[in-house]
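Work through the exercises below with the sequence and the 3D view at hand. Each task is followed by a solution in steps.

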Amino acid sequence: RGLRRAELRPAVLAALARAEIALTNEDWSEADSYLEQARSLDGDAPGVATLSQTLSRERRRQALEAALGEGYDALRRQDYAGAESAFKNALTLDGGAAAAEEGLALVATQRLEARLAALRDQAEAARRAGAFSDALAHYEEALALDGTLAFAQAGRQAMTDRLALAGALEEAERTLGQDP
């Protein structure tokens, strides 16, 4: 058995060397092919296990980078569900990936900012259309998400005042309409 391993050693070393070159070039398929060749010749040869671990680690790193890239690309497109999915995928590849955690935080922040911007636009459109109750509802929804929003606080106050004034005017008209 020892003689057979000694005979195969040059072929094993050559396959391992080619696998390392392929790893350096990030050609995972070729690296895997040469590594499999070395493993089939002598799976217990020094370097086979180490190179297998290196290849697995590099594949995980590449998959992690791809998932993070996909997440940040989705964020740029404002595809929050896609970004969240990609960052969660990155966490499954490397549970301690700080960049994935940061990406998930960015998703939450940008999603909230987009929702608040939409509520602001809806409130302003309702206000311009004279739908003061609708505008008030949009401002209150924004405040439910973030009670410190100056635009929503000011809008809520303006709509509350406007609705109170409209109510007072209606009451005055009703009162005037009843007097003979």
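**Exercise 1: a helix and its cover**

The buried residues of H3 are covered by parts that include H1, H2, H4 and helix H5 (98–128). The model is predicted.

Task: Find which residues of H3 are buried, and compare the reach of H3 with the expected span.

Solution.
1. Take the length: H3 has 29 residues.
2. From its first C-alpha to its last, H3 reaches 42 Å, close to the 42 Å expected at 1.5 Å a residue.
3. Apply the cut-off for buried, which is under 20% relative accessible area. The buried residues in H3 are Val-48, Leu-51, Ser-52, Leu-55, Leu-64, Ala-67, Leu-68, Gly-71, Ala-74 and Leu-75.
4. Consider the spacing along the helix. An α-helix has 3.6 residues a turn, so residues three or four places apart point the same way.

**Exercise 2: the residue after H3**

Task: State where Gln-78 lies, and decide whether Gln-78 is buried or exposed.

Solution.
1. Locate the residue: Gln-78 sits in the loop between helix H3 (48–76) and helix H4 (80–93).
2. Read the backbone angle: phi of Gln-78 is positive, near 60°, in a residue other than glycine.
3. Exposed means over 50% relative accessible area. Gln-78 counts as exposed because its relative accessibility is 57%.

**Exercise 3: a second loop**

Task: Find the loop that holds Glu-26, and give the phi of Glu-26.

Solution.
1. The loop between helix H1 (2–24) and helix H2 (28–42) contains Glu-26.
2. Phi of Glu-26 is near 55°, which is positive, and the residue is not glycine.
3. With a relative accessible area of 44%, Glu-26 is partly exposed.

Definitions and conventions. Residues numbered from 1 in each chain as written. Predicted model: local features only at pLDDT ≥ 70, side-chain atom pairs only at ≥ 80, totals over all residues. Heavy atoms only, no water. Helix = DSSP H or I, 4+ residues; strand = E, 2+ residues; numbered from the N terminus. Buried < 20%, exposed > 50% of the residue type's maximum accessible area, 1.4 Å probe, protein only. Expected span 1.5 Å × (residues − 1). Contact = heavy atoms within 4.5 Å.
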